Amino acid sequence: ADSILFNKLAQRLIEVTDETKARGWDRPKPQECSNSVWSFATSGIVGSGQRALVCHVANRLEEDGGSFAAQFKTQELSNTAWASAVLLSKRGNEDEETIRREEVGDGTTSTAEEDDAVARILRCVASSLIGRTSEFKPQELSNSIWAMATVGFGTVDSQAANPHNGYIYIKSDSYEEDRDLVSRTLDAVARSAGSRLNRFRPQELNNLAWGFARLGHRGEAAQELVHGIGQELLKRKQYFKPQDIGTCLWSFAQMEYFDTEVFTVAASRLNRRYGRSFKPQECSNACWALATAGMVPKYTSAFDTTLLPAAERPSLDDIRDDPVTECFATAAAEIMRRPDEFKEQEIKDILWGFSRVEIRHPKLFKMVAEYLVGTDDTSEQGRGLGGFSPQGLGNLAWSFAKQAQLSSSVTGGARLHVGTSGRQAVYETSCLDFGEKQVNRLFARIAEEAINGKGGMERFSPQDLTNTCWSLAVLGLLHRGYFDAVKESVTRRYVMQGHL
């Protein structure tokens with residue numbers, strides 16, 4: 001699409017509105033406002049003209065005490081909310097220097113003004129949802145909730161600065177009011193949608209579940225809704241695509257809806273037969289959700305090539321008989337086949353999932369270690385750890401250490417390969433899994449990234465620090481620089497809190 005043309009059209013729409021208002025003529029109708037914003041979103045065009053248009057639409061929705069908003073059809077409200085959220089999420093694709101130059105000039109619309117405009121649009125749509133819930137069709141309901149969730153409208157994080165990344169939290173100066181509005185909106189939607197879930201398509205069910213989970217809404221109506229979505233998945237499992245399955249599982253786990261039958265059936269849809277068609281996020285969401293739900297695989301020793309010979313490990317046919325084991329096998333196969341496609345969070349979630357459900361997979365963990373930090377035998381430094389969040393680094397360390405610790409639960413003749421017990425046995429197992437040099441290289445790089453990465457040690461939560469310290473300790477690895485940095489950071493926090 002032509003961004004110059006779109007910006008000119010947006011500016012002309014604003015001018016026409018002002019001109020017709022001054023002359024007392026009929027101004028652009030709701031459909032024209034909604035379609036204009038929707039066109040920018042579907043074309044992926046962001047910039048000063050788009051921001052001005054979003055602010056213009058927000059202003060019009062508030063005209064005459066909301067009388068103009070009352071003229072919007074439910075589809076127009078839903079499309080406006082959806083488009084506003086999509087445009088905000090695409091802002092990260094803009095060049096930061098371009099945004100800065102645009103916002104310096106007179107008459108341009110700043111990103112902060114756009115944030116406020118999107119919040120005002122969502123307030124209008126939320127209020128309409130409460131009063132007109134039954135008028136909204138399934139797609140309109142799911143898209144509206146998806147929009148609120150995508151920008152974190154009314155969540156606790158909306159009190160903080162908007163980072164404009166994969167997890168957007170639009171800042172609100174009226175947090176308590178917005179949170180109450182969103183809560184009432186979601187209760188109304190849950191009651192309305194719950195009685196007609198059979199009319200929702202799988203993707204709409206997926207968006208609805210994700211929206212409720214992302215917004216952190218709980219309550220009886222919400223739980224009944226999630227249960228209903230789970231039952232629809234059981235009835236129509238063959239119509240759910242991998243993305244729908246992965247996101248639904250993630251949402252169920254976030255909402256603490258742990259139905260064994262639902263999780264098992266969902267996992268059966270993520271198998272090795274179709275593994276190559278799965279996106280990285282679908283694999284990671286499934287692993288994280290299954291682990292969070294406590295879905296223990298039947299064959300936890302299926303991939304332990306270090307401690308068990310092939311004769312003592314389950315066969316491929318055995319693995320196919322257990323949907324949970326096969327789901328993890330599929331995720332492992334895909335990340336080993338195409339690691340460049342997986343984001344740091346997706347890598348972390350898959351590894352964490354394996355260790356959380358106590359599946360040892362030496363080949364997977366060795367491959368990831370070499371991929372991330374390279375090896376001593378080559379000049380390759382690996383992908384690096386700079387893209388991992390503080391939680392990601394802590395969970396990464398924990399996942400690797402836990403893999404070695406799980407060796408104590410492995411039984412069979414091959415256990416004799418590990419001749420010691422206790423902490424030494426854990427370290428020895430990790431060396432057998434992917435080599436002593438690689439163990440030290442990986443954890444040294446984790447410690448260095450924690451100390452020297454942007455934000456230093458202060459960006460780590462107590463849980464993040466604990467996970468990494470535990471991991472180093474359980475492997476018997478002493479990184480003095482890291483432990484000294486932890487000591488200084490913890491001491492500083494205690495002093496700031498008045499404990500010392």
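In this predicted model, Phe-434 is buried, its relative accessible area being 8%. The ring of Phe-434 pairs with that of Phe-400, the two centres lying 5.6 Å apart. Their planes meet at 80 degrees, and the pair is therefore edge-to-face, since an angle over 60 degrees places a pair in that class. Phe-400 is likewise buried, with a relative accessible area of 2%. Phe-400 belongs to helix H18 (residues 390-405) and Phe-434 to helix H19 (residues 422-434), so the pair ties together parts that are 34 residues apart in sequence.

Phe-400 and Phe-434 also take part in lining the second largest cavity, together with His-361, Pro-362, Phe-365, Gln-403 and Asp-433. The volume of the second largest cavity is about 30 Å³. At least two lining residues come from each of helix H17 (362-373), H18 and H19. Sorted by class, the lining of the second largest cavity consists of four nonpolar residues, two polar residues and one charged residue.

The pair of Phe-400 and Phe-434 belongs to a wider set of ring contacts, as the structure holds eleven aromatic pairs. For Phe-303 and Phe-354, the ring centres are 6.4 Å apart and the planes stand at 65 degrees, so the pair is edge-to-face. This pair links distant parts of the chain, its members being 51 residues apart. Phe-303 is found in the loop between helix H13 (280-292) and helix H14 (316-320), whereas Phe-354 is in helix H16 (residues 344-356). Both residues are buried: Phe-303 has a relative accessible area of 11%, and Phe-354 has a relative accessibility of 0%. These values count as buried because the class takes in residues under 20% relative accessible area.

Phe-303 also contributes to the second largest pocket, where Phe-303, Arg-272, Ala-302, Thr-305 and His-361 are the lining residues nearest the centre. The complete lining is made up of 16 residues, and the space in the second largest pocket is about 260 Å³. H14 and helix H15 (323-337) each provide at least two residues of this lining. The largest share comes from H15, which supplies four residues. By class, ten of the residues lining the second largest pocket are nonpolar, three are polar and three are charged. His-361, named above among the residues nearest the centre of this pocket, is also part of the lining of the second largest cavity.

H15 contributes to an enclosed space as well. The structure holds two cavities of 30 Å³ or more, and the largest cavity has about 50 Å³ of space. Leu-270, Phe-278, Glu-282, Cys-283, Cys-327, Thr-330 and Ala-331 line the largest cavity. H13 and H15 each supply at least two of these residues, with H15 giving the most, three residues. The lining of the largest cavity divides into five nonpolar residues, one polar residue and one charged residue.

A further group of rings consists of Phe-252, Tyr-257, Phe-258 and Phe-263, which ring pairs link into a cluster. Two members of this cluster, Phe-252 and Tyr-257, are in contact with Val-226. Leaving aside residues up to four places away in sequence, Val-226 touches Phe-252, Met-255 and Tyr-257. Val-226 is part of helix H10 (residues 220-235) and counts as buried at 2% relative accessibility. Val-226 and Phe-342 are 116 residues apart along the chain, and their C-alpha atoms are separated by 28 Å.

Thr-247 is located in helix H11 (residues 242-254). Thr-247 is buried, with a relative accessible area of 12%. Its contacts, not counting residues up to four places away in sequence, are with Asn-206, Trp-210 and Asn-285.

An aromatic ring also meets a charged group elsewhere in the chain. The charged end of Arg-60 is placed over the ring of Phe-68, at 3.9 Å from the ring centre.

Key. Residues are numbered from 1 along each chain as its sequence is written. This is a predicted model: local features need pLDDT of at least 70, side-chain atom pairs count only at pLDDT 80 or more; totals for chains, interfaces and linings use all residues. Side-chain values use heavy atoms; hydrogens and water are left out. Rings of Phe, Tyr and Trp (its six-membered ring) pair if their centres lie within 6.5 Å; planes under 30 degrees apart count as stacked, over 60 as edge-to-face and the rest as tilted. Buried means under 20% relative accessible area, exposed over 50%, partly exposed in between (1.4 Å probe, protein chains only). A charge sits over a ring if NZ of Lys or CZ of Arg is within 6 Å of the ring centre and within 35 degrees of the ring normal. On a 1 Å grid over the protein atoms alone, a cavity is a set of points where a 1.4 Å probe fits but cannot get out, and a pocket is an open set with protein on both sides within 12 Å along at least five of seven lines; lining residues have an atom within 4 Å of a point. Grid points are joined across faces, edges and corners, and a volume is the space filled by probe spheres set on the points. Ala, Val, Leu, Ile, Met, Phe, Trp, Tyr, Cys and Pro count as nonpolar, Asp, Glu, Lys and Arg as charged, and the others, Gly among them, as polar. Contact means heavy atoms within 4.5 Å.
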